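Dear colleague,

Please find below the structure I promised to pass on. My notes on helix H2 and on the pockets follow it.

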Amino acid sequence: MDKIKKVYIDSRYKTNDSVSNSDFKFELKEALDLPDNTVCYIDDICIPHTWYSIEDYNNKLYIENTYPDFSLSASVLTLPEGNYNATTLAATLQATLQHSFPNENYRCVYNTARGSITITSDRSFRIYTDLEVIDIQNNLLGNPSFSGWVDNNNQLTTVDLNDLRSMNEIIRHSSPIVPESTFETGFIDLLNVHNIYIHCGNIGNYNCIGVRGDNPIKKVPVSSSFGYLILDSVVAPHDKIDVSRQSIKSMNFTLKNVHGNVINLHGAHISLSLIFQTIE
């Protein structure tokens with residue numbers, strides 16, 4: 001091959017069996033047979049910031065209400081998916097709590113100066129951390145004092161310990177608390193994706209290690225707000241990926257967050273370029 005060859009990728013031209021615009025397969029018209037000492041750069045990346053602050057992977061609130069008979073009421077509440085600001089999140093959180101617990105008079109107020117939400121109730125309550133949810137599930141399931149998890153409509157539901165879908169990262173809640181009638185969250189972080197990890201198992205020799213031990217080919221910082229384009233390009237020589245002696249015809253691209261969740265672009269398309277270069 002030539003010393004430099006460039007391939008343009010656009011999810012608009014994904015194959016029919018692709019899952020979505022952030023989990024898609026791209027077929028080349030002809031195979032690229034790459035010689036020794038060939039590297040690949042990911043360049044000209046264009047990703048629209050169209051995912052929501054609350055998606056199906058971070059929309060669960062695990063909460064306990066304390067009653068006079070000391071019975072344990074553990075609920076897993078689901079918030080509607082959507083793009084929120086701190087004020088609308090507080091309002092939606094209040095509406096969800098009031099619907100689930102109509103007699104507790106829950107109130108949620110956004111504190112502009114501190115960037116937090118204060119939740120109050122007429123009765124003591126506590127929001128579980130992720131570790132507490134796992135502990136309860138492992139140690140109390142089957143215990144007569146624990147009747148099981150209930151949902152927004154007070155119906156029994158199940159909890160998958162491998163997929164909690166908790167919103168604790170949004171409200172910055174990781175330290176256990178005792179039941180009280182007032183709780184203030186940490187700083188509300190509605191930018192739930194700080195970096196986009198592009199995966200493509202067809203490219204490279206697994207010489208990149210992600211934070212979870214996986215193998216992304218590129219990390220793209222989220223530098224634009226909702227509704228705008230995220231642009232990224234080659235910034236350093238060590239961004240190269242060794243693709244020596246590979247034959248590439250089809251490629252599977254997946255965009256994930258740091259937890260490994262596929263990012264839902266809600267129909268928007270991405271594009272990028274692959275630059276193949278032989279090194280002397």
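Buried here means under 20% relative accessible area and exposed over 50%, with partly exposed in between, using a 1.4 Å probe and protein chains only. This is a predicted model, in which local features need pLDDT of at least 70 and side-chain atom pairs count only at pLDDT 80 or more, while totals for chains, interfaces and linings use all residues. Residues are numbered from 1 along each chain as its sequence is written, and side-chain values use heavy atoms, with hydrogens and water left out.

In H2 (helices are DSSP runs of H or I of at least four residues, strands runs of E of at least two, numbered from the N terminus), the buried residues are Glu 132, Val 133, Ile 136 and Gln 137. They lie on the same side of H2 because they cover an arc of only 135° around the axis, taken from the directions from the helix axis to the C-beta atoms. The buried residues pack against strand S4 (60-66) and strand S7 (116-127), with contact meaning heavy atoms within 4.5 Å, whereas the face turned away carries the exposed Leu 131, Asn 138 and Asn 139.

The largest pocket (an open set of points on a 1 Å grid over the protein atoms alone, where a 1.4 Å probe fits, with protein on both sides within 12 Å along at least five of seven lines) has a volume of about 520 Å³, which is the space filled by probe spheres set on the points. It is lined by 24 residues (those with an atom within 4 Å of a point), and Tyr 57, Ser 166, Glu 169, His 259 and Asn 261 are the closest to its centre. Helix H2 (130-140), helix H3 (168-171) and strand S9 (195-199) each supply at least two residues of this lining.

Best wishes
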